[in-house]
Amino acid sequence: MKILIPGSFDPPTNGHIDVINRCSEIFSEIIVGVVVNPSKESLFTPEERSEMLEKICNEKTNVKVKSFEGLLVDFATSESVDAIVKGLRAMTDFDYEFQMAQANSTLKGFETIFIPSSPEYGYLSSSMVKEIHSYGGDIKSLVPDYVLERMNNA
Ligand code: PNS
């Protein structure tokens, strides 16, 4: 089964990588879709976010990183994926994710499969990582080493 894991990944966190790694054991092919959203301010460009993910996932032979602009369902169609996979951290994610899943199903019939985050990453988000880092806090345990390096040089 070929699946798509979409997201902003600004920056990729250990929570994202945990979901990607677990999916790579379950599904045969994984496309990590990095959204290009020019109207949303981001710390890293889509190219930088893709490059970080490629570097981190390079040992997973069934994981490919691609960026996309526009509707998720159009990208999912162009990649011929069987389903979309989203990580769910907590009930606070649920309302929004459930709405998106229903919209993506209505628009083009795509199923969304939810995978629970591992307990240790239940609170973790890219926004939290950026905020802690902006105040000089230690994010070493929250992001892959390569992302830490890039954040320190950003
Ligand atoms: O990591 P994020 O920011 O939660 O990812 C959100 C993402 C990229 C999955 C979502 O914004 C998205 O699907 N964007 C593409 C535009 C689109 O299809 N919007 C309608 C979704 S119902």
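**Exercise 1. Which residues are around the ligand, and how do they divide by class?**

Step 1. Around the ligand are Gly 7, Ser 8, Val 35, Lys 40, Phe 68, Gly 70, Leu 71, Leu 72, Lys 86, Met 100, Ala 103 and Asn 104; a residue is near a molecule if one of its heavy atoms lies within 4 Å of it. The model is predicted: local features need pLDDT of at least 70, side-chain atom pairs count only at pLDDT 80 or more, and totals for chains, interfaces and linings use all residues. Numbering runs from 1 along each chain as its sequence is written, and side-chain values use heavy atoms, with hydrogens and water left out.

Step 2. By class, this shell has six nonpolar, four polar and two charged residues. Ala, Val, Leu, Ile, Met, Phe, Trp, Tyr, Cys and Pro count as nonpolar, Asp, Glu, Lys and Arg as charged, and the others, Gly among them, as polar.

Step 3. Helix H4 (residues 91-108) gives the largest share of the shell, three residues. Helices are DSSP runs of H or I with at least four residues, strands are runs of E with at least two, and both are numbered from the N terminus.

**Exercise 2. Find the polar atoms that lie 2.5 Å and 2.8 Å from an oxygen atom of the ligand.**

Step 1. At 2.5 Å from a ligand oxygen atom lies a polar side-chain atom of Ser 8.

Step 2. For Leu 72, a polar backbone atom is 2.8 Å from an oxygen atom of the ligand.

Step 3. Taken alone, the ligand exposes 550 Å², and the protein buries 72% of that (Shrake-Rupley method, 1.4 Å probe).

**Exercise 3. Describe the backbone at Phe 9, Pro 11 and Ser 80.**

Step 1. As a reference, most residues other than glycine have a negative phi, and most peptide bonds are trans.

Step 2. Phe 9, in the loop between S1 and H1, has a positive phi near 50 degrees. At 3% relative accessibility Phe 9 counts as buried (under 20%; exposed is over 50%, partly exposed in between, with a 1.4 Å probe and protein chains only).

Step 3. Pro 11 is in the loop between strand S1 (2-7) and helix H1 (14-26). The peptide bond from Asp 10 to Pro 11 is cis, with omega near 5 degrees.

Step 4. Ser 80 also has a positive phi, of about 50 degrees, and sits in the loop between helix H3 (72-78) and strand S4 (83-88). With 54% relative accessibility, Ser 80 is exposed.

**Exercise 4. Where does Met 128 lie?**

Step 1. Met 128 belongs to helix H5 (residues 126-134).

Step 2. Its relative accessible area is 30%, so Met 128 is partly exposed.

Terms used
A polar contact is a pair of N or O atoms within 3.5 Å; within protein, one must be able to donate a hydrogen and the other to accept it, and residues adjacent in sequence count only if both atoms are side-chain atoms.
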